[in-house]
Amino acid sequence: MKYDVIVVGAGFAGSVMARCFAEDEKKVLVIDELDKSLHPYLVQYIVEIFNDLEFNKNGSQLIFNIQDTNLLDLNILRRDQIWFVQKDEFGYSELVALSDFKVRSDASFEKDYLAGVYGGIPNLKEFELKEGV
């Protein structure tokens, strides 16, 4: 299956999104820091548009990363759509899907993520605060 892949920063997302739905063939839109300079409700709306099969008839996909945890909600994303990045002690990154974890469907994914249940939490002990910096 052939996909056109479009990679943009958040500042160009709006101008490119229309291309994902205007044509008949599937597109993959990759956005780095989707939540940068966008209100959380707008970010949620963009995600919902891609998940809406009536609107997104051609099945275009959105791949993005965010720092905001508001989308860790099963009313917005499915468990297989949520992935975490965990760095090991050597700095190598590993992707892990939320669906790989055995958790209750009524769990607070945002709260559990911030508590470190799924990994993906920065190791703040690596950072040293120096006076005058």
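Below is a short conversation about how the labels used for this predicted model follow from its values.

User: Happy to start simply: what makes up the protein chain, and in what order do the elements run?

Analyst: The protein chain has three helices and five strands, running β-α-β-α-β-β-β-α from the N terminus on. Helices here are DSSP runs of H or I with at least four residues, strands are E runs of at least two, and both are numbered from the N terminus. Residues are numbered from 1 along each chain as its sequence is written, and side-chain values use heavy atoms, with hydrogens and water left out. As the model is predicted, local features need pLDDT of at least 70 and side-chain atom pairs count only at pLDDT 80 or more, while totals for chains, interfaces and linings use all residues.

User: How do you know that the span of helix α2 agrees with its number of residues?

Analyst: The expected span is 1.5 Å times one less than the number of residues. For the 12 residues of α2 (residues 40–51) that gives 16 Å, and the end C-alpha atoms are 17 Å apart, so the two agree.

User: Which residues of α2 are buried, and why are they said to line one face of the helix?

Analyst: Val43, Ile46, Val47, Ile49 and Phe50 are buried in α2. Seen down the helix axis, these buried residues fall within an arc of 155 degrees, so they line one face. The arc is taken from the directions from the helix axis to the C-beta atoms. Buried means under 20% relative accessible area, exposed means over 50%, and partly exposed lies in between (1.4 Å probe, protein chains only). Of the 133 residues of the protein chain, 28% count as buried.

User: What makes a set of residues a nonpolar core, and which elements give two or more residues to the largest one?

Analyst: A nonpolar core is a set of buried Ala, Val, Leu, Ile, Met, Phe, Trp, Tyr and Cys residues joined through side-chain atoms within 4.5 Å. The largest has 21 residues, of which Leu29, Leu34, Val47, Phe50, Leu62 and Phe84 touch the most other members. Two or more residues come from each of α1 (13–22), β2 (27–32), α2 and α3 (109–114). The largest share, five residues, comes from α2.

User: Why is serine 37 called exposed, and what is notable about its phi?

Analyst: Serine 37 has a relative accessible area of 75%, which is over the 50% cut-off, so it is exposed. This residue sits in the loop between β2 and α2. Its phi is positive, about 65 degrees, although it is not a glycine. Most residues other than glycine have a negative phi.

User: And why does glutamate 33 count as partly exposed?

Analyst: Its relative accessible area of 31% falls between the two cut-offs, so glutamate 33 is partly exposed. Glutamate 33 also lies in the loop between β2 and α2, and its phi is positive too, near 55 degrees.

User: Where is arginine 78, and how do you know that it is partly exposed?

Analyst: Arginine 78 is in the loop between β3 and β4. At 47% relative accessibility it counts as partly exposed, because that value is between 20% and 50%. Its C-alpha atom is 9.8 Å from that of asparagine 51, 27 residues apart along the chain.

User: Lastly, where is valine 117, and why is it called partly exposed?

Analyst: Valine 117 lies in the segment after α3. With a relative accessible area of 45%, valine 117 is between the cut-offs and therefore partly exposed. Phenylalanine 101 is 16 residues from valine 117 in sequence and 9.3 Å away in space, C-alpha to C-alpha.
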